[in-house]
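Here are my notes on the model you sent over, set out as numbered points. Have the structure open while you read.

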Number of protein chains: 2
Amino acid sequence: MADVAHRANVSTMTVSRAFKRDTSVSADTRDRILKAAEELGYVFDSIAANLSSRRSGFVAATIPSINNANFADTVRGMTEGLRDSGLEILLGFTDYNVEEEERLVGQLLQRRPEAIIVTGGRHTPRCRKMLANAGVPVVETWDLPSDPIGHVVGFSNAEAGRLMVDHFVARGYSKLGFIGGDTSRDTRGLDRRRGFIAALQDRGLDASRVIASGVPPISMREGAAAMVEMISRWPDTEAVMCVSDLSAFGALMECVRRGIRVPDDVAIAGFGAYDLAEQSVPPITTIDVGAHEIGIRVAELVLDLLNGRHAPEDRVVVGMTPRVIVRHTT
Amino acid sequence: MADVAHRANVSTMTVSRAFKRDTSVSADTRDRILKAAEELGYVFDSIAANLSSRRSGFVAATIPSINNANFADTVRGMTEGLRDSGLEILLGFTDYNVEEEERLVGQLLQRRPEAIIVTGGRHTPRCRKMLANAGVPVVETWDLPSDPIGHVVGFSNAEAGRLMVDHFVARGYSKLGFIGGDTSRDTRGLDRRRGFIAALQDRGLDASRVIASGVPPISMREGAAAMVEMISRWPDTEAVMCVSDLSAFGALMECVRRGIRVPDDVAIAGFGAYDLAEQSVPPITTIDVGAHEIGIRVAELVLDLLNGRHAPEDRVVVGMTPRVIVRHTT
DNA sequence: TTGAAAGCGCTAACAC
DNA sequence: GTGTTAGCGCTTTCAA
């Protein structure tokens, strides 16, 4: 920067200003500086800028997996919402693992994000503490925790499970099963299963038909295998909810392979409103939680918080409403 | 750090050392320091560390889209390969757009990555120049550019197109079509189409059956629409390659909806070896390019380069071989 | 609109 | 194994 300043006959301070928007530098001076920088092959060093200004210019976000259309939609929404703010998103992947999340959050906080967004409302105690003490806005998403750390943009996964029971019952099914949500790793999937089970019990229906399989992310293949187990253990099962559209698709394809008619022999529903569920033949009944909108809302909230448009003590909770999309598999 | 040092009765330099691995601090002292840090709620500031040490601790990578299982696999491979090196990956998304890539690369370089990995071998002139002058290792992936900027871990997309023509011809098909690869945005998809066309021409086959549709990422829905157009314009088409498994799946589902038998009436193949292509009924013939392995190889290469295990002037080109996976749709 | 001085929070380099 | 000194490349603050 000193070299550029020298070449453009200004001080480094003016060079610094020339590289920012909305700063008081005359057009002439700015042009001269940018030209000098270009000639010298100067590349602005944002690490030094960050240290000096005590602003890192990014928001940290953790998501369970990079390979998931739902979380990808949320990240797209956040990116769109933050586009004009000058803030970038630093993404980390937890691999559906709260220990990994703890490690990741520790790493991310060392880079001094201006806000931190985490997927889900369950964390290790250490992780909760780090987030609570981070000194920047914290937003939990994709969940509606009973004891939030900071702010929330999410929905109740248990509610999503209940909604599907309502739908199944309205369709006349009463022998209902659930596939997925086994492990403690995908806590949101587990919540959906719990909501499903609780709704069965509330209605006095049999709540034993649960095939919990594998490590998340639950795959199409695991959905197929679980479906085989479901119909061999409980051949009279009338309708099955899968923890995600991917496993629902796997289950559906297994039925197609075996000549089991869907929904005539057994109904299948998923979760997540993936493109796949819409394009598959038959198209799959699913639940839309507005993944993209979650991202947009998170971005709006973060900008409001950073710009002081909320009282610091306000806890903002944006609750989204999961919605059943009825298609041909139920 | 000064506060921690004071509380632990050491200098800041010792505190600094205590927070690193492989440094000479006695176990006692380190424990005392970490305890003091814990008590004070001290969080290490890696921005300052980065400035002082002139090491950012991350590798930048650009991918076209967050929502693509292929690039996700590559990123997973890179993450795994870099896990023990202490390097993190800073991810940016270009949205299949070289102008956006240029902007993104500019931003990323300001954060001083220790290496930069870009998807694809086509860039704006300014972007090429920035990369060439970045002063850090540059790796282009998912392509085999004729004039690489730095190093390469990739494969020839044109070769992938040719391979599928070989496969179709070996299967006895001769009226061959291609879906996708329209725009200048997905240059790798375009290369696959070009390779496909060139192979047709080499064999003296009709090369006019091309439906180029939409903006990338080409979706299942667009694949379905393109298939409709293909069979209405060229009803005698015997086999169709789609630019990706997603559009191939869309095309296949459209055929199922219309009672068109696959592969008896028309054969369909995709690209990318997505899970979807394996799990769909019928399973879809596709091309596997080793997306995950690309990531692993990139990580190995980057570590070798950073550790001086290659002569600085060596240009490393790791060529992967695309491979047809034959399934039931052809 | 521009500049001078001071310093952000850490680490390299060297000393002991 | 630990400490001292100097500074990384910017921006804040204040002044003109």
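1. Start at the rotation axis. In chain A, the residue that comes closest to this axis is A:Ile47, whose C-alpha sits at 3.1 Å. Bear in mind throughout that this is a predicted model.

2. How does chain A relate to chain B? A turn of 180° with a shift of 0.0 Å along the axis lays chain A on chain B with an RMSD of 0.0 Å. That is what a two-fold axis does. The interface fits in with this: 100% of the interface residues of chain A are interface residues in chain B too, so the two copies meet through the same surface.

3. Now to the DNA, beginning with strand D. There are 24 residues around DNA strand D, and the nearest are A:Ser16, A:Ser52, B:Thr14, B:Arg17 and B:Thr29. Of the atoms of DNA strand D that come within 4 Å of the protein, 63% belong to sugar and phosphate.

4. Some individual contacts to strand D deserve a look. The side chain of A:Ser52 places an N or O atom 2.4 Å from a sugar or linking oxygen of DNA strand D. Two side chains go to phosphate oxygens of this strand: A:Tyr42 has a polar atom at 2.8 Å from one, and B:Thr14 has an N or O atom at 2.5 Å from one. As for where the surface comes from, α2 (12-18) and α4 (46-53) of chain A and α2 (12-18) and α4 (46-53) of chain B are the elements giving two or more residues to the surface near DNA strand D. Which element gives the largest share of that surface? It is α4(A), with 4 residues. By class, the surface near DNA strand D breaks down into 10 nonpolar, 9 polar and 5 charged residues.

5. Turn to strand C and go through the equivalent list. DNA strand C has 24 residues around it, with A:Thr14, A:Thr29, B:Ser16, B:Tyr42 and B:Ser52 coming nearest. Sugar and phosphate make up 66% of the atoms of DNA strand C that come within 4 Å of the protein.

6. Which part of DNA strand C lies 2.7 Å from an N or O atom in the side chain of A:Arg17? It is a base oxygen. The side chain of A:Thr14 has an N or O atom 2.4 Å from a phosphate oxygen of DNA strand C, while B:Ser52 has a polar side-chain atom 2.5 Å from a sugar or linking oxygen of DNA strand C.

7. On the surface near DNA strand C, α2 and α4 of chain A and α2 and α4 of chain B each supply at least two residues. Here α4(B) provides the largest share, 4 residues. The classes near DNA strand C come to 10 nonpolar, 9 polar and 5 charged residues.

8. Away from the DNA, chain A has an open sheet of 4 strands in the order β7-β6-β8-β9, with parallel pairing. Its edge strands, β7 (210-211) and β9 (267-269) of chain A, each pair on one side only. Within the sheet, β6 (residues 176-179) and β8 (residues 239-242) of chain A run parallel and share 4 bridges; A:Ile179 has A:Cys242 in β8(A) as its bridge partner.

9. Two helices of chain A lie across this sheet. Helix α8 (residues 157-170) crosses β6, β8 and β9 of chain A, at about 160° to β8(A). Helix α9 (residues 187-202) crosses β6, β7 and β8 of chain A, at about 170° to β6(A).

10. Finally, a sheet in chain B. This is an open sheet of 6 strands with parallel pairing, ordered β2-β1-β3-β4-β5-β11. At its edges are β2 (88-93) and β11 (317-319) of chain B; each has a single partner strand, so one side of each has no neighbour in the sheet. On average, neighbouring strands of this sheet are turned by 20° against each other, direction ignored. Strands β4 (residues 138-141) and β5 (residues 151-154) of chain B run parallel, joined by 3 bridges, and B:Val139 stands opposite B:His151 in β5(B). Helix α5 (residues 69-82) of chain B packs on the sheet, touching β1 (58-63), β2 and β3 (116-119) of chain B, and its direction makes about 160° with that of β2(B).

Notes
Residues numbered from 1 in each chain as written. Chains lettered and ligands numbered in written order. Predicted model: local features only at pLDDT ≥ 70, side-chain atom pairs only at ≥ 80, totals over all residues. Heavy atoms only, no water. Near = heavy atom within 4 Å. Polar contact = N/O pair within 3.5 Å; in protein donor to acceptor, adjacent residues only side chain to side chain. Nonpolar A, V, L, I, M, F, W, Y, C, P; charged D, E, K, R; others polar. Least-squares fit on C-alpha atoms with pLDDT ≥ 70 in both. Contact = heavy atoms within 4.5 Å. Pairing = 2+ DSSP bridges. Axes fitted to C-alpha atoms, helices over the stretch in contact; angles between N-to-C directions.
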